[in-house]
Amino acid sequence: MESLNHAIESARSRYASANPLSQAADTKAQRYLPGGNTRTVLHYDPFPLTMAAGEGAELTDLDGHRYVDFVGEYSAALFGHTNEVIKSAICKALDTGIAMGAPTNYERELAGLLCERFPSLEQVRFCNSGTEANLMALSTARVVTGRDKLLVFKEAYHGGVIKFPGGHCALNVPFEFVLADYNDIEGTAELIDQMGDQLAAVLIEPILGAGGNIRGDRKFLEMLRQKTREFGILLIFDEIKTARLGSAGVQGMQGIAPDLTTLGKFIGGGLPTGAFGGSAELMAQFNPKLPGALAHAGTFNNNVCSMAAGCAALSKVYTPQRAAEFFDWSEAFRLSLNEMFAAKAVPMYANGSGSMIAIHFSTEPTRRPSDISAGCQSLRPLLHLELLLDGVLACKRGDLFLSLPMDGTHLSKARLALERFADRYKPLIEQVLQA
Ligand code: PMP
């Protein structure tokens, strides 16, 4: 596709000219970090921007450009970069001692905040990341059921060693994963009917985040709930991203209670953490006061900075009421983008829900990962670079995450950048999608 390649090359060259200091920093970094990188998702060609500072919902790069931050640390930076309430909670925790090697009241308070908020959680345990939360949930399911197989979905991302873009991944943990198609009710039900008595867990993100912010159909999620009950399989909702949606995540919105829920990202107020939990009966497996309990370790499971930041974030900033309002505000923005695309008759669509948006090159909402065309994928680098050049930071795969410090001006900036992109490239987009 000559003209698409040409457009991407042109955007890369404008980008390189505008960012000499980021380019130099990237070149220097290659001495001690492979490709200058320690987190693959943050790499893009020709080189990623190096950020120098953040304030509210904005970031400034080494070359002094200021951006509206719609990467939002892949949803973890819900509070922006300088929330004073969270900052003072962290400073207070730092002043009173870190790495104490003992329980503190912070983790107790945060556990209470999470359990009071998410309907399926009676008890939780903390760990250090979302990946770890999912590993713990899957391992728990294997122990509790005495079975080995784990049903997951193609294109799902559940962590650096539990991811399925294009199928199985070389770095994945060597668990027995069985892959199903997201939102395929009949195919998945058939698979569970066939091997239900060998399955320990079904692990699902109720909105397939990295796979394109595809909403799990209600009927699909209900089928999973019903079938897993029938076969004694644990249903695990990975709400690491989606817990931000509404006052109680997707489980709250859909009224479907999983057996285990995994959390991470924003629940630490922007600092590293993860959690997994479920019914008190199930979590009693980890009760060290009981004989034969499972031992769950982690030096930093209850690190005071993350726990204190999380307490402030959930009790003072992102209260259930604020979360519900934020959902409505974000969803109105998403719908307004789709009205704008439709008015221009450009094949673009803001998929997702509330503050989790992914721009697809399509006129319709995307219901299954297999509906994402090769053309749609090949247009993503162009959209990404043009948005950056227009002062809007988006994820390279087209995700936009809204954050609390954003206001109407930030949203207008993104809408305008998308509008300009649509106006400029509509013929090219149509050509690529028809090829
Ligand atoms: N599950 C989902 C749905 C995620 O989006 C992520 C992170 N992108 C993870 C798990 C892993 O979390 P972490 O990066 O904290 O290990």
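Glu84 and Lys87 are three residues apart in helix 3 (residues 84–95), so about one helical turn separates them. In this predicted model, their side chains meet in a salt bridge, with an N to O distance of 3.4 Å. Lys87 has a relative accessibility of 43% and therefore counts as partly exposed. Side chains of opposite charge can pair when their charged atoms come close. A search of the whole structure finds 20 salt bridges, and others among them link elements that lie further along the chain.

One of these salt bridges joins the side chains of Lys227 and Asp193, at 2.9 Å from N to O. Because Lys227 belongs to helix 7 (residues 218–231) and Asp193 to helix 6 (residues 185–195), the pair ties together parts that are 34 residues apart in sequence. The two partners fall into separate accessibility classes: Lys227, at 12% relative accessibility, counts as buried, whereas Asp193, at 41%, counts as partly exposed.

A further salt bridge is formed by the side chains of Lys344 and Glu419, with 3.7 Å from N to O. This pair links distant parts of the chain, since Lys344 lies in helix 11 (residues 320–344) and Glu419 in helix 13, 75 residues apart. Lys344 is partly exposed at 22% relative accessibility, and Glu419 is partly exposed with a relative accessible area of 26%.

Helix 13 also leads to the start of the chain. The axes of helix 1 (residues 2–18) and helix 13 (residues 408–434) come within 10 Å and cross at roughly 140°. That angle makes helix 1 oblique to helix 13. On the side of helix 1, the residues in contact are Ser3, Leu4, Ala7 and Arg14; they meet Arg424, Tyr425, Leu428, Gln431 and Val432 of helix 13. Sorted by class, this contact comprises five nonpolar, two polar and two charged residues. Arg14 and Arg424, which take part in the contact between the helices, are also linked with Glu386 in a network of salt bridges.

The next residue to consider is Phe401, which is located in strand 16 (residues 399–401). With a relative accessible area of 0%, Phe401 is buried. Beyond its neighbours within four places in sequence, Phe401 is in contact with residues from several stretches of the chain, including Asp69, Phe70, Val71, Tyr74 and Ser75, as well as Lys241, Arg244, Ser355, Met356, Cys395 and Met406. The C-alpha atoms of Phe401 and Ala243 are separated by 13 Å, although their positions lie 158 residues apart along the chain.The backbone has several local features of its own. A cis peptide bond joins Asp45 and Pro46, with omega at about 5°. Pro46 lies in the loop between helix 2 (20–29) and strand 1 (51–55). Elsewhere, Glu73 has a phi near 45°, a positive value in a residue other than glycine. Glu73 is placed in the loop between strand 3 (66–69) and helix 3, and its relative accessible area of 34% makes Glu73 partly exposed. Lys265 likewise has a positive phi, near 45°, and is a residue other than glycine. The loop that holds Lys265 runs between strand 11 (260–263) and strand 12 (274–278). At 25% relative accessibility, Lys265 counts as partly exposed.

How values were computed. Residues numbered from 1 in each chain as written. Predicted model: local features only at pLDDT ≥ 70, side-chain atom pairs only at ≥ 80, totals over all residues. Heavy atoms only, no water. Axes fitted to C-alpha atoms, helices over the stretch in contact; angles between N-to-C directions. Helix = DSSP H or I, 4+ residues; strand = E, 2+ residues; numbered from the N terminus. Parallel < 35°, antiparallel > 145°, perpendicular 65-115°, else oblique. Contact = heavy atoms within 4.5 Å. Nonpolar A, V, L, I, M, F, W, Y, C, P; charged D, E, K, R; others polar. Salt bridge = Lys/Arg side-chain N within 4 Å of Asp/Glu carboxyl O. Buried < 20%, exposed > 50% of the residue type's maximum accessible area, 1.4 Å probe, protein only.
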